[in-house]
Each structure stands twice: as C-alpha cells, then as structure tokens.
Amino acid sequence: MALKEISSNKCFEGFQKVFEHDSTELKCKMRFGIYLPPKAESGKCPVIYWLSGLTCTEQNFITKAAFHQAASEHGLIIVAPDTSPRGCNIDGEEESWDFGTGAGFYVNATQDPWKTNYRMYSYIVDETVSAFAPICNPIQCPWGQKAFTGYLGSDTSKWEEYDATNLVKNYSGSKLDVLIDQGKDDQFLAAGQLLPDNFIAACTERNIPVVFRLQEGYDHSYFFITTFISDHIKHHAKYLQA
C-alpha cells in the first residue's frame, strides 16, 4: 500500500501526521491520522486505534481531543482512521448525517448499492477496549436499526455480530477490562440511542469487568472527550506496555 503524506506537525516532541492511500477494501482514496511519539524514532511502540463516530473524519480526534501529551509520555502510537468511504458517488450517500458518508458504522455492508465500498469492518482492525459515549446496543436503537437495515438488510440475525451488547453475551475470549465514560447530560443518552445499561447488564451476566463512569454535567462533545482522554490512554498503556 503506497502512502502519500498529507501533513506533518511536531507535537510534544513527536509528530502528528495524516496520510492518504488507495484502499483495496473500500475501492476509494482514504485518509488516516497517526501520532508518532518521540519513542517511535528509536524503537517499536504499541498502537491504539481510535474509531470516531457519526459525521467525523480523521481530523476530529487529532485536532480536538488533546491526547498528544499522554500518548507522548506513554510512548503510544495513535491511529485515527476515517469513519466511512469517501467520494464513491453512490445514490443517497450524502442525504443523511447518520447514514452513508461519515456514518459507515464499521460494518461490512451486504446490501446494494453499499456492499462494494462500505466494508469498514474489514478496513479496520478491531481492538476497542475503552469507549466514550458508545452506541452500546445498536440493534435496539434508532441509529443502529436505520444503519443496519440499509447496510445489512432486514434479517436481524445478521446484525448481531456488530452489536457490542450481543457480542459480550457470547464472549469466550481472553480476559477483558472495559472502561466507559458517559456524559450524564448527553442528549443522545436521554434519547435512547446509546443504551449503556444494556451493555453493563450483559457484562455483569458474563462476569466481565466493566468500569462505567457517568460524568456529571458532561455532554456528547469533544470537550467531554478532552477532559477524560488521559485516563483512557493510561488504561490502554497498562496492558500494551505490560
């Protein structure tokens, strides 16, 4: 895969870069951000993949989340991919903010006209072990039902492999340690889009440790993420550097 460097900025003695490449999975040009801490100049470093939410590009996290100092101190590479294919000229991909462009939902679409390009699951390595205000149970919320119907079809059994709550109910892999921060004043929490209680109940049933922190007064913005991002970097570092 040939990479074209789009930008490079020094930050906390490391470098925040953006690259463009031709994706064989998505059949279009894609961009991703990557922060290289100073330690990366002399040796290998662990990697965290940050998966942004609806409407985001690779730019949102790298310009708003203020994660660079913690990543530099812990010697962690942070990769921030885009959230969907871009410029595929599919009818309807620009019609809605919560479906199509900027809303790939990290699934491999099986329905026309999306299945050729919208293969974000295969494009992304699945390593998510902490989260900010996640859509915990998409099968049961309007956002998820809209996206899964469009990308995967009406057979709801095909949706289950992309639903965190359903996945944790059947999880039998290595030990997990899940950290979730959720703003108490998040408008999408009140609207029933996020459903963290369902995920927590499933984890409890399976004896999977989960720390859920409901943060008083915080909403769904990057101001919330910026406040607690250092805790999440430390959470990853204690395992990646073990």
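User: Where does glycine 53 lie in this predicted model?

Analyst: Glycine 53 sits in the loop between β4 (47-49) and α1 (59-64). The model is predicted.

User: Why is glycine 53 called partly exposed?

Analyst: Its relative accessible area is 39%. Buried needs under 20% and exposed needs over 50%, so 39% falls in between. Glycine 53 is therefore partly exposed.

User: What does glycine 53 touch, not counting residues up to four places away in sequence?

Analyst: Thr83 and Gly102. The C-alpha atoms of glycine 53 and alanine 103 are separated by 7.3 Å. Along the chain, these two residues are 50 residues apart.

User: How do you know that glutamate 93 has no salt bridge?

Analyst: The nearest side chain of opposite charge is arginine 86, 8.5 Å away. A salt bridge must be within 4 Å, so arginine 86 does not qualify. Glutamate 93 is nevertheless buried, in the loop between β5 and α3 (120-123).

User: What makes the pair of glutamate 93 and asparagine 89 a polar contact?

Analyst: A polar atom of the glutamate 93 side chain lies 2.8 Å from the backbone nitrogen of asparagine 89. The cut-off is 3.5 Å, so the distance fits.

User: Why do β2 and β3 count as paired?

Analyst: Pairing takes at least two bridges, and β2 (residues 14-23) and β3 (residues 28-36) have nine, so they pair. The sense is antiparallel. Valine 18 stands opposite glycine 33 in β3.

User: What makes β3 and β5 a pair?

Analyst: Four bridges join them, against a minimum of two, so they pair as well. They run antiparallel. Isoleucine 34 has valine 79 in β5 as its bridge partner.

How values were computed
Residues are numbered from 1 along each chain as its sequence is written. This is a predicted model: local features need pLDDT of at least 70, side-chain atom pairs count only at pLDDT 80 or more; totals for chains, interfaces and linings use all residues. Side-chain values use heavy atoms; hydrogens and water are left out. Buried means under 20% relative accessible area, exposed over 50%, partly exposed in between (1.4 Å probe, protein chains only). Lys and Arg count as positive and Asp and Glu as negative; His and the chain ends are not counted. A polar contact is a pair of N or O atoms within 3.5 Å; within protein, one must be able to donate a hydrogen and the other to accept it, and residues adjacent in sequence count only if both atoms are side-chain atoms. Contact means heavy atoms within 4.5 Å.
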